[in-house]
Amino acid sequence: MLKSKRLAPLYKSLASYFPKPSRGSTVFAKTSSVRLISLRTMAKSKFEYVRNFEVDDTCLRNCWIVVRLDGRNFHKFAEQHSFTKPNDDRALNLMTRCAQVVMEELEDIVIAYGQSDEYSFVFQKKSNWFKRRASKFMTHVASQFASSYVFYWKDYFQDQTLLYPPGFDGRVILYPSNQNLRDYLSWRQADCHINNLFNTVFWNLVQKGGLTTSQAEEKLRGTLSGDKNEILFSEFNINYNNEPLIHRKGTALVWKKIDEITTKTIKLPNEEKGKEIVVTRTRKKVTPLHCDLIGEEFWEEHSEILEDDS
């Protein structure tokens, strides 16, 4: 054990960095010639002024807080990990699993929507999580999602080694009204449709039509959605409307109440053997849906998501 005399120079050196305690404040005690400085005193060091450089990033109140994540350089990541084109269900399901983890950890999220290599998370209007600091929303969502992607990779890509950890960039957007929020989600779903239709035609032209990527891109230049649908049907006998909903609509994650039925063994007094009874418990669970978010049906069925605009 070190003696106090040997520690004295160290304490004297440290003490020079901290202000003297105010009168009447129990902030230190003396042991031999050593002054012990409490944590309360140490918290108010002369360096504390640097906190003034922090920017106030509090989100405006009564606004929906949306955090959108996008995969960083995921085109390269998909190539190096041999993703199936135009859609790899393993990758899509892995993204959804990560989003479910985020929602389960951060229960103020009322709905999430994902497609391709992106996911959007919508926090309650009245959320006061981390005092509504945008940096906290973004960093918590991004770190939880990215770590989950690595953690659950092996569950979806059993035969593919993760060559390097992926990265995700994030942004925070505020929407003051329910209509603004609905329009945002409609925009992301419309983007899903546009991109998936193009990719479906493009990769059929390459994989089945024998065109190079440059030739396929040139053939699709200037085409409208009707033209692309015609190419799919006339050349490859594919009706785009019959493609999987997860590819055409993306994935919405919502909270749903479910009944879980389990058996429990109870032992009554004066009974040697226990008796099994069936127990039903209702709890909320994050549930994936592949459906239209642009029309009214979804919002009528899940009216609890939107808060009163008044």
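**View 1. Strand 3 and strand 5 pair in the antiparallel sense, with 6 bridges between them.** This is a predicted model, and this view starts with one pair of strands. Look for V67 in strand 3: its bridge partner in strand 5 is F121. On the strand 6 side, strand 3 is joined by 8 bridges, and these two strands run antiparallel as well. There, W64 stands opposite Y175 of strand 6.

**View 2. Strand 3 is covered on both faces.** One side carries W64, V66, R68 and D70, and the other carries I65, V67, L69 and G71; all are buried. Is strand 3 largely enclosed or largely open? With 8 of its 8 residues buried, strand 3 is largely enclosed by the rest of the structure.

**View 3. Six strands make an open sheet in the order 6-3-5-4-7-8, with antiparallel pairing.** Strand 6 (168-175) and strand 8 (275-289) stand at the edges; each has a single partner strand, so one side of each is left without a neighbour in the sheet. On average, neighbouring strands here are turned by 25° against each other, direction ignored. As a reminder, strands of a sheet pair through backbone hydrogen bonds, either parallel or antiparallel. Strand 7 (residues 251-266) runs antiparallel to strand 8, and 15 bridges join the two. For a landmark in this pair, find T262, which stands opposite V279 in strand 8.

**View 4. Helix 6 (residues 178-207) lies across four strands: strand 3 (64-71), strand 4 (109-115), strand 5 and strand 6.** Against strand 4, helix 6 runs at about 20°.

**View 5. The largest nonpolar core holds 36 residues.** Which residues have the most contacts inside this core? They are F121, F123, F145 and Y149. Strand 3, helix 3 (74-80), helix 4 (89-105), strand 4, strand 5, helix 5 and strand 7 each give two or more residues to this core. Helix 5 gives the most, with 9 residues. Zooming in on F123, you will find that it touches W64, I65, V67, L106, D108, I109, W129, F137 and V141, leaving aside residues up to four places away in sequence. Another core, of 18 residues, lies apart from the largest one; V122, L289, F298 and W299 are among its members.

**View 6. K131 sits in the loop between strand 5 (118-123) and helix 5 (134-156).** Its relative accessibility is 64%, so K131 counts as exposed. From K131 to D57 the C-alpha to C-alpha distance is 9.9 Å, although 74 residues separate them in sequence.

Note on methods: Residues numbered from 1 in each chain as written. Predicted model: local features only at pLDDT ≥ 70, side-chain atom pairs only at ≥ 80, totals over all residues. Heavy atoms only, no water. Buried < 20%, exposed > 50% of the residue type's maximum accessible area, 1.4 Å probe, protein only. Pairing = 2+ DSSP bridges. Axes fitted to C-alpha atoms, helices over the stretch in contact; angles between N-to-C directions. Contact = heavy atoms within 4.5 Å. Core = buried A, V, L, I, M, F, W, Y, C linked by side-chain atoms within 4.5 Å.
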